Amino acid sequence: MEMISILTLFFIAASWIGGNFQKVYKTRNNSEVVGGSFYKPTHGAVSFVVDTPVHQIITFRQDTMIVYYPDRKVAFKIRSVEDAIQRSGFNGSLKESIDALKKGGYIFLKKKINGDTIYSYWTHDKLKTTVLVVYDKKNRVYRVRVENEKGALLYETQANSYINLGDTIFFPTNLKTITPKDTEIFIFSHVSLIKPDSLPAFLKNPVIPDSVKVILKNFDEK
């Protein structure tokens, strides 16, 4: 109970960014449009409250993604460091991108500078992957590209059209993630700083109720 209280206080005390979003998900044979609201602490992963086509809440905690369906009383906890880095709603923060790489086991290789643009290269010995992070001198990240050992694309995220919410707070209004199998395009609107007391109840107190069935995926069986 004490741990839950500390976690709750942390989220309530943090400053948040919020607004509306529309996501277009495309594969070779299918296309889907999802819409709703998003909420992000100034330092932390994005949470999504989806209104259409189905009500769900998507949050990220370190290496775990939680997909919660309040109306259906079911929630999925999905563990994957790589997926959390890719799907956490990339927000354009250099510090958070680098922190995610370090937590995922990536090691810095080299850096190149071309005018106002910086190219940072990282590698992962076990996964045999390399990461390119492209950002500017204001630490706004515009591109993250992940390749396998043969140089083939695993996924790439592109951020554009940053808006300034404060002296050092920036947020992209357009975001695209590309993989060999699919493409996700996010369009963010009505983006602003919001008060913590205006957060949805589940984000104020991110504890899944006992009445909800929780399904674990990619967790080691004990």
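User: Which residue in E9 is the bridge partner of Trp122?

Analyst: In E9, Trp122 has Val131 as its bridge partner. This is a predicted model, in which local features need pLDDT of at least 70 and side-chain atom pairs count only at pLDDT 80 or more, while totals for chains, interfaces and linings use all residues. Residues are numbered from 1 along each chain as its sequence is written, and side-chain values use heavy atoms, with hydrogens and water left out.

User: What makes E8 and E9 paired strands?

Analyst: Strands (E, at least two residues) and helices (H or I, at least four) are DSSP runs numbered from the N terminus, and two strands pair if DSSP finds at least two bridges between them. Eight bridges join E8 to strand E9 (residues 129-136), and these strands run antiparallel, so the definition is met. In their hairpin, which has four residues between the strands, Lys128 takes a positive phi near 60 degrees.

User: How many bridges join strand E7 to E8?

Analyst: Seven bridges join strand E7 (residues 107-114) to E8, again in an antiparallel arrangement, and Lys110 stands opposite Tyr121 in E8. The hairpin of E7 and E8 has two residues between the strands, and Gly115 in the turn has a positive phi of about 65 degrees.

User: Why is Lys110 said to lie over the face of Tyr121?

Analyst: A charge sits over a ring if NZ of Lys or CZ of Arg is within 6 Å of the ring centre and within 35 degrees of the ring normal. Lys110 lies over the face of Tyr121 at 5.1 Å from the ring centre, so the distance satisfies the first cut-off. The charged end of Arg140 likewise sits over the ring of Phe170, 5.1 Å from its centre.

User: Why is Ser120 called buried?

Analyst: Buried means under 20% relative accessible area, exposed over 50%, and partly exposed in between (1.4 Å probe, protein chains only). Ser120, found in strand E8 (residues 117-124), has 4% relative accessibility and therefore counts as buried. Not counting residues up to four places away in sequence, Ser120 touches Phe108, Lys110, Val131, Leu132, Val133 and Tyr135, where contact means heavy atoms within 4.5 Å.

User: What makes the approach of the Ser120 side chain to that of Trp122 a polar contact?

Analyst: A polar contact is a pair of N or O atoms within 3.5 Å; within protein, one must be able to donate a hydrogen and the other to accept it, and residues adjacent in sequence count only if both atoms are side-chain atoms. The side chains of Ser120 and Trp122 make such a contact at 2.8 Å.

User: Why is the pair of Phe21 and Phe48 classed as edge-to-face or stacked?

Analyst: Rings of Phe, Tyr and Trp (its six-membered ring) pair if their centres lie within 6.5 Å, and planes under 30 degrees apart count as stacked, over 60 as edge-to-face and the rest as tilted. By this rule there are 11 aromatic pairs. The centres of Phe21 and Phe48 are 5.0 Å apart and their planes stand at 65 degrees, so this pair is edge-to-face. Because Phe21 lies in strand E1 (residues 16-27) and Phe48 in strand E3 (residues 47-52), the pair ties together parts that are 27 residues apart in sequence.

User: How do you know whether the pair of Phe186 and Phe188 is stacked or edge-to-face?

Analyst: The ring centres of Phe186 and Phe188 are 5.7 Å apart with planes at 5 degrees, so the pair is stacked. Phe186 counts as buried at 7% relative accessibility, and Phe188 is buried at 5%.
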